[in-house]
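Thanks for making time this morning. I would like to walk you through one structure, going from its helices and strands to a few individual residues, so please have it open while I talk.

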Amino acid sequence: MGVRSTLFAVTYDRLMAKSEEQGLRELRRRLIAEAGGRVLEIGGGTGANLALYGRGVESLTVTEPEPAMVRRLERHVQERGSNATVLRAPAEDLPFEDDSFDVVVSTLVLCGVSDQQRALRQLGRVLRPGGRLLFLEHMRSEDPKQARHQDRMNWLNRLMVCCECNRPTLDSVREAGFVVDHVEREVFPGAPSFIGQAVVGSATLPAPTPSGPGAGTAVPETAAGG
Ligand SMILES: C[S@@+](CC[C@H](N)C(=O)[O-])C[C@H]1O[C@@H](n2cnc3c(N)ncnc32)[C@H](O)[C@@H]1O
């Protein structure tokens, strides 16, 4: 994306300030409180979640593909004296062994990845069986009228926040082999209606069954590879 992605990185914290104040920060806080063990956060941006990780986190790895965001993220990690490891990588191509993490966190990222299914399969690959995906995303409305509005306004959404507002992300998560075990929908704080609701929840990657044709594989076939 070049100039656009640099501009997005430079303006991101200011762009989000109103939403953060009006409730986004609280949604982040509730979500991140669930993270523990070996944690991977994808698309970490400027590091808005860094301060929210608690004592239960054994290790924190944050990936981010855009150089201008990576610079801000690294600065933020340093300023906080955080032990987080920052790596430049897209969610579609994660440089980790299979089963490396207990939890993967995605906040406002699955709306913008280039290939959502490929990214989700990668998350499934690097999560251990039984591991959890914690997400805070905005997505296509289940109300057909609102969804059509999002389709019409997607060009503006792209221009404003460099992502798609009309992706059926929950369906994609299920399609990639996850079981969605908790979902809360909230008005997206301080955002125009076409952004859609803030959807906060968790999905689990089922452990492989002990017998049958899949026995012995680390992750279900639908969640592996990518
Ligand atoms: C709306 S920002 C969200 C940043 C941060 N997660 C947050 O909650 O504030 C979207 C982030 O996803 C990153 N991103 C874009 N394409 C990506 C990809 N293919 N894989 C991972 N992250 C990506 C962007 O560079 C940006 O930092």
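The buried residues of helix α3 are Gln-116, Ala-119, Leu-120, Arg-121, Gln-122, Leu-123, Gly-124, Arg-125 and Val-126. Please keep in mind throughout that this is a predicted model. Helix α3 covers residues 116-126, and because nine of its 11 residues are buried, the helix is largely enclosed by the rest of the structure. What do the buried residues of α3 pack against? They pack against strand β1, strand β4 (101-107), strand β5 (127-138) and helix α5 (169-175).

Let me stay with strand β4 for a while. Six of the seven residues of β4 are buried, so this strand, too, is largely enclosed by the rest of the structure. Strand β4 pairs with β1 in the parallel sense, over four bridges, and it pairs with β5, again in the parallel sense, over six bridges. Within the pairing of β4 with β5, Ser-106 stands opposite Phe-135 in β5. Between these two strands the chain crosses from β4 through α3 to β5, and the β-α-β crossover made in this way is right-handed.

A good residue to pick out in β4 is Val-105. Is Val-105 buried or exposed? It has 27 C-beta neighbours inside 10 Å, and since the cut-off for a buried residue is 20 or more, Val-105 counts as buried. Across the pairing with β1, Val-105 is the bridge partner of Glu-41. If we set aside residues up to four places away in sequence, Val-105 touches Ile-32, Ala-35, Val-39, Glu-41, Asn-49 and Leu-134. Asn-49 deserves a second look in that list, as it is 56 residues from Val-105 in sequence, while the C-alpha to C-alpha distance is 9.6 Å.

Now let us follow the sheet outward from β1. Strand β1, residues 37-42, runs parallel to strand β2, residues 57-63, and five bridges join the two. In this pairing Leu-40 stands opposite Thr-61 in β2. Strand β2 is in turn joined by three bridges to strand β3, residues 85-87, and those two strands also run parallel. There the bridge partner of Thr-61 is Thr-85 in β3, so to speak a second station for the eye to stop at. Between β2 and β3 comes helix α2, residues 67-80, and the three elements together make a right-handed β-α-β unit.

Turning to the interior, we can ask which residues touch the most other members of the largest nonpolar core. This core has 53 residues, and the ones with the most such contacts are Val-39, Val-104, Leu-123 and Leu-133. The largest share of the core, seven residues, comes from helix α1, residues 3-32. As general background, nonpolar side chains tend to be buried together in soluble globular proteins. Leu-133 shows what such a set of contacts looks like: leaving aside neighbours within four places in sequence, this residue is in contact with Val-104, Ser-106, Leu-123, Leu-127, Phe-178, Ser-202 and Ala-203.

Next comes the ligand. It is surrounded by 19 residues, and the closest are Gly-43, Gly-45, Pro-90, Ala-91 and Thr-107. Sorted by class, the shell around the ligand holds 10 nonpolar, six polar and three charged residues.

Finally, I would like to mention three residues in loops. Leu-108 lies in the loop between β4 and α3, and its phi is near 60°, a positive value in a residue other than glycine. With 21 other C-beta atoms within 10 Å, Leu-108 is buried. Cys-162, in the loop between α4 (144-161) and α5, likewise has a positive phi, near 55°, and is a residue other than glycine. Cys-162, however, has 17 other C-beta atoms within 10 Å and is therefore partly exposed. The third residue, Ala-33, is in the loop between α1 and β1; it has 13 other C-beta atoms within 10 Å, which makes it partly exposed. Ala-33 and Ala-51 are 18 residues apart along the chain, and their C-alpha atoms are separated by 11 Å.

Note on methods: Residues are numbered from 1 along each chain as its sequence is written. This is a predicted model: local features need pLDDT of at least 70, side-chain atom pairs count only at pLDDT 80 or more; totals for chains, interfaces and linings use all residues. Two strands pair if DSSP finds at least two bridges between them. A crossover is right-handed if, with the strands pointing away from the viewer, the path from the first strand over the helix to the second runs clockwise. A residue is near a molecule or strand if its C-beta atom, placed from the backbone, lies within 6 Å of it. Ala, Val, Leu, Ile, Met, Phe, Trp, Tyr, Cys and Pro count as nonpolar, Asp, Glu, Lys and Arg as charged, and the others, Gly among them, as polar. A nonpolar core is a set of buried Ala, Val, Leu, Ile, Met, Phe, Trp, Tyr and Cys residues joined through C-beta atoms within 7 Å. A residue is buried if 20 or more other C-beta atoms lie within 10 Å of its own, exposed if 12 or fewer, and partly exposed in between; C-beta atoms are placed from the backbone. Two residues are in contact if their C-beta atoms, placed from the backbone, lie within 7 Å.
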